[in-house]
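Here are some notes to read alongside the structure. I have kept them as numbered points so that you can take them one at a time.

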Amino acid sequence: MSLQNQTVICLLDDEFEDLELWYPVYRVREAGATVLYAGPEKGKTHIGKYGVPAVADLSFDEVNSEEIIGLLVPGGWAPDKLRRYPKVLSLVQELNAADKPIGQICHAGWVLISAKILEGRQVTSTPGIRDDMENAGATWHDEAVVVDGNLISARRPPDLPPYAKAFVDALEQRMG
């Protein structure tokens, strides 16, 4: 329970990839942290690509980057929606500037691209957005997990075990 009394935010919008949301959330909770879902509207239920619902504990506007230790961005089609909210982009930028862990998997790289934080960074993602990641200035690797400082990235659901472990490890290292 190394992360007791710490909070991580998981971004939420419709059509998230169910496993890419739930698996890392459960792993972070097992490590002792509280994980809250932040969406466009507090209390709104969002449905994953395979029908699993998740409810926003907070609206994006209620999230204070100084009060959290990390951020999870699930994949699926939700990232294409998430990247359109200025508050999401500023939250990603604030966490990056504070060197707090940001986990992204699959299409979640779109959010980091729109936040303009990938220049010179090492990442992975679903191969489908490799060009987008590279065009944003990142060096893309075809590996299960890539850790570059505070950025933890993974390709797709089969990579969830090493991705979730790397994200929890990054949170624990930050807590020192």
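1. Let me start with Leu 89, which sits in helix H3 of this predicted model. Its relative accessibility is 15%, so Leu 89 counts as buried, the cut-off being under 20%. Leaving aside residues up to four places away in sequence, Leu 89 touches Arg 83, Val 111, Ser 114 and Ala 115. If you would like a distance to check, the C-alpha atoms of Leu 89 and Asp 61 lie 12 Å apart, with their positions 28 residues apart in sequence.

2. Next, please have a look at the aromatic rings. How many aromatic pairs does a search of the whole structure find? The search gives three. In one of them, the ring centres of Phe 60 and Tyr 85 are 4.9 Å apart and the planes meet at 55°, so this pair is tilted. The pair links distant parts of the chain, 25 residues apart: Phe 60 belongs to the loop between strand E5 (58–59) and E6, while Tyr 85 belongs to the loop between helix H2 (78–82) and helix H3 (86–97).

3. The two partners in that pair also deserve a word on exposure. Phe 60 has 5% relative accessibility and therefore counts as buried. Tyr 85, at 28%, counts as partly exposed. Elsewhere, ring pairs join Trp 22, Tyr 26 and Tyr 37 into a cluster.

4. Trp 22 leads us nicely to helix H1, where it is one of the buried residues, along with Asp 18, Glu 20, Leu 21, Pro 24, Val 25 and Val 28. The cover over these buried residues includes strands E1 (7–11), E2 (34–39), E4 (53–55), E6 (70–73) and E7 (102–105), as well as helix H6 (160–175).

5. On the geometry of H1: the helix runs over residues 18–30, 13 residues in total, and its first and last C-alpha atoms are 18 Å apart, close to the 18 Å expected. At the N-terminal end, Glu 17 acts as a cap, with a side-chain oxygen 2.8 Å from the backbone nitrogen of Leu 19. Just after the helix, Gly 32 adopts a positive phi of about 105°.

6. Finally, do look at His 46, placed in strand E3 (residues 45–47). Is His 46 buried or exposed? Its relative accessible area is 0%, so His 46 is buried. The side chains of His 46 and Asp 14 are joined by a polar contact of 3.0 Å. Beyond four places in sequence, the residues that His 46 touches include Leu 12, Asp 13, Phe 16, Pro 40 and Val 52.

Definitions and conventions: Residues are numbered from 1 along each chain as its sequence is written. This is a predicted model: local features need pLDDT of at least 70, side-chain atom pairs count only at pLDDT 80 or more; totals for chains, interfaces and linings use all residues. Side-chain values use heavy atoms; hydrogens and water are left out. Helices (H or I, at least four residues) and strands (E, at least two) are DSSP runs, numbered from the N terminus. The expected span of a helix is 1.5 Å times one less than its number of residues. Buried means under 20% relative accessible area, exposed over 50%, partly exposed in between (1.4 Å probe, protein chains only). Contact means heavy atoms within 4.5 Å. A polar contact is a pair of N or O atoms within 3.5 Å; within protein, one must be able to donate a hydrogen and the other to accept it, and residues adjacent in sequence count only if both atoms are side-chain atoms. Rings of Phe, Tyr and Trp (its six-membered ring) pair if their centres lie within 6.5 Å; planes under 30 degrees apart count as stacked, over 60 as edge-to-face and the rest as tilted.
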